[in-house]
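Me: I would like to learn how to read a model like this one, feature by feature. Could you give me the general idea each time, and then the case at hand?

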Amino acid sequence: MKAILLRDPGGPEMLRAEDVPDPTPGPGEALVRLKAAALNHRDVWIRTGQYAGIKLPAILGSDGAGVVEAVGEGADEALVGREVVINPSLDWGDDERFFGPDFRILGLPDHGTYAQYVKVPAANVHPRPAGLSWQEAAAVPLAGLTAYRALVPRAAVKAGETVLIPGIGGGVATFALLFARKLGARVLVTSGSDEKLERAKALGADGGVNYRDEKWADKVRELGDGGVDVVVDGVGGQTYDQCIDLLNPGGRMVTFGATTGPVPQVATRRIFWKQLNLLGTTMGSPADFAAMLTLFANGGLRPVVDRVFPLSNASEAHRHMDEAAQFGKIVLEIP
Ligand SMILES: NC(=O)c1ccc[n+]([C@@H]2O[C@H](COP(=O)([O-])OP(=O)(O)OC[C@H]3O[C@@H](n4cnc5c(N)ncnc54)[C@H](OP(=O)(O)O)[C@@H]3O)[C@@H](O)[C@H]2O)c1
């Protein structure tokens, strides 16, 4: 099969198309012939050598949708021929609160979806939501799962609350916007691009501020009538502390990433004085994935697809993500 291999860490040009042997499904596994895959920032962290436990060569990619071609021993034969999306949360374990010791994310150490075929545990394939194109279906899994768990099981966002989503151009952030609106929340966003702020408003955001403006936090406070109830943050760095400052008493800070690096300082006084709840979240359980998918079925929500690149142009797609040029998900079309 054709696959994109990363043999050494580095720039986008390190992602090269190669011919590799087709995977064979083992016991309990399904082999999926992929129609589309999608990028996540995780792929950039791995490509640039900034991820724990990197083993190369690797086929990156956590998101994929396609048709089940074959199953291994013990897996349900009826899956063959089904149109599916893949849950990239592998071996979550049996505790809803956190994953167990065998947990992995598809696309390292297991070979991922930047390829014509991928093998995954049969329990991780789910029916493609009716009404979504292959490209849309492939855009959903990792970012949709992360945003769903952040907003629903973790932050328990309620109708009428104000939710702040920093860096709305990001893949997870656009799903958080869709879900927060669906939950009936008021949504404020930030972005480094005025054009992306307008696109977010068209998707239902109630207000937006450009974070390149030194006074962005003051402007968010004004839009929130004094503060916000929930922040869903993948930006990290200085933004994290500024968001804690923006939270109303009793507010919830749910964090899933740190694109701009570690948090340099946190004014703990604000956390205890305002009785804040700091929540962490990563990926989600099988139950989270199934519940998240139902939001996309039968003419429900549609993911935001930014651009589609052919698989052979995976390096161009990475360049696009490196530049934070995207609004929503960057998809790879697979021949
Ligand atoms: N824990 C988990 O399970 C999990 C799951 C998914 C992702 N993550 C992590 O979450 C982060 C986001 O992932 P992603 O795939 O959604 O990334 P992405 O699509 O690459 O989005 C990153 C976004 O960050 C925003 N950003 C950059 N600098 C910023 C700043 N100074 N202030 C505010 N926003 C800023 C940009 O927004 P604008 O374009 O609007 O300026 C950019 O589009 C990554 O660090 C990733 O590793 C974690």
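**Reading the domains, the core and the charged pairs**

Reply: Let us start with the interface, keeping in mind that this is a predicted model. Domain 1 and domain 2 bury about 1,300 Å² between them, and 68% of that area is on carbon and sulfur atoms.

Me: Which parts of the chain make up domain 1 and domain 2, and what distance separates their centres?

Reply: Domain 1 consists of residues 2-140 together with 296-333, while domain 2 covers 146-280. Taken over C-alpha atoms, their centres are 27 Å apart. To the contact between them, domain 1 contributes 20 residues and domain 2 contributes 16 residues.

Me: How should I read the area figure, and which residues of domain 1 lose the most area to domain 2?

Reply: The size of an interface is often expressed as the accessible area that is lost when the parts come together. Here, on the side of domain 1, Leu301, Val304 and Phe327 lose the most area to domain 2, and together they account for 43% of what that side buries. The residues of domain 1 that touch domain 2 divide into 12 nonpolar, 3 polar and 5 charged.

Me: How many salt bridges and how many residue pairs in polar contact are there between domain 1 and domain 2?

Reply: The rule finds 0 salt bridges across this interface, whereas 5 residue pairs, both residues at pLDDT 80 or more, are in polar contact between domain 1 and domain 2.

Me: Let us turn to single residues. Is Leu108 buried or exposed, and where is it found?

Reply: A residue counts as buried when its relative accessible area is under 20%. Leu108 has a relative accessibility of 3%, and therefore counts as buried, although it is found in a loop, the one between strand 7 (104-105) and strand 8 (117-121). Leaving aside neighbours within four places in sequence, Leu108 is in contact with Arg42, Ile46, Tyr51, Ala52, Gly53, Ile54, Lys55 and Ala58.

Me: What can be said of Ser191, and which residues does Ser191 contact beyond its neighbours within four places in sequence?

Reply: Ser191 lies in strand 11, residues 186-191, and at 3% relative accessibility it also counts as buried. Beyond those neighbours, Ser191 is in contact with Ile168, Lys196, Leu197, Val209, Asn210 and Tyr211. In addition, a polar atom of the Ser191 side chain lies 3.1 Å from the backbone nitrogen of Ser193.

Me: Can the idea of burial be carried over to a whole element, and how many residues of helix 7 are buried?

Reply: For an element, one goes through its residues in turn. In helix 7 (residues 237-246), 7 of the 10 residues are buried, so this helix is largely enclosed by the rest of the structure. The buried residues are Gly237, Thr239, Tyr240, Asp241, Cys243, Ile244 and Leu246. They pack against strand 10 (162-165), helix 6 (216-223), strand 13 (228-233), strand 14 (247-255), helix 8 (268-273) and strand 15 (277-280).

Me: Now to the charged residues: how many salt bridges does the rule count, and what distance separates the closest N and O atoms of Arg104 and Asp91?

Reply: Side chains of opposite charge can pair when their charged atoms come close. The count comes to 20 salt bridges by this rule, one of them between Arg104 and Asp91, whose closest N and O atoms are 2.8 Å apart. Arg104 lies in strand 7 and Asp91 in the loop between strand 6 (89-90) and strand 7, so the pair ties together parts that are 13 residues apart in sequence. Arg104 is partly exposed at 23% relative accessibility, and Asp91 is partly exposed at 40%.

Me: Where do Lys201 and Glu198 lie, and how many residues apart are they?

Reply: An α-helix has 3.6 residues a turn, so residues three or four places apart point the same way. Lys201 and Glu198 are 3 residues apart in helix 5 (residues 194-202), which means that about one helical turn separates them. They form a salt bridge, with the closest N and O atoms 3.5 Å apart. Lys201 is partly exposed at 35% relative accessibility, as is Glu198 at 48%.

Me: Which residues are linked in a network of salt bridges?

Reply: Arg221, Asp241, Asp245 and Arg270 are linked in such a network. Of these, Asp241 has already appeared among the buried residues of helix 7. A further salt bridge joins the side chains of Asp213 and Lys219, at 2.5 Å from N to O; Asp213 is partly exposed at 26% relative accessible area, and Lys219 is partly exposed at 38%.

How values were computed:
Residues are numbered from 1 along each chain as its sequence is written. This is a predicted model: local features need pLDDT of at least 70, side-chain atom pairs count only at pLDDT 80 or more; totals for chains, interfaces and linings use all residues. Side-chain values use heavy atoms; hydrogens and water are left out. Domain bounds come from an automatic or database domain assignment. Contact means heavy atoms within 4.5 Å. Buried area is the accessible area (1.4 Å probe) that two parts lose on being put together, summed over both. A salt bridge is a side-chain nitrogen of Lys or Arg within 4 Å of a carboxyl oxygen of Asp or Glu. A polar contact is a pair of N or O atoms within 3.5 Å; within protein, one must be able to donate a hydrogen and the other to accept it, and residues adjacent in sequence count only if both atoms are side-chain atoms. Ala, Val, Leu, Ile, Met, Phe, Trp, Tyr, Cys and Pro count as nonpolar, Asp, Glu, Lys and Arg as charged, and the others, Gly among them, as polar. Helices (H or I, at least four residues) and strands (E, at least two) are DSSP runs, numbered from the N terminus. Buried means under 20% relative accessible area, exposed over 50%, partly exposed in between (1.4 Å probe, protein chains only).
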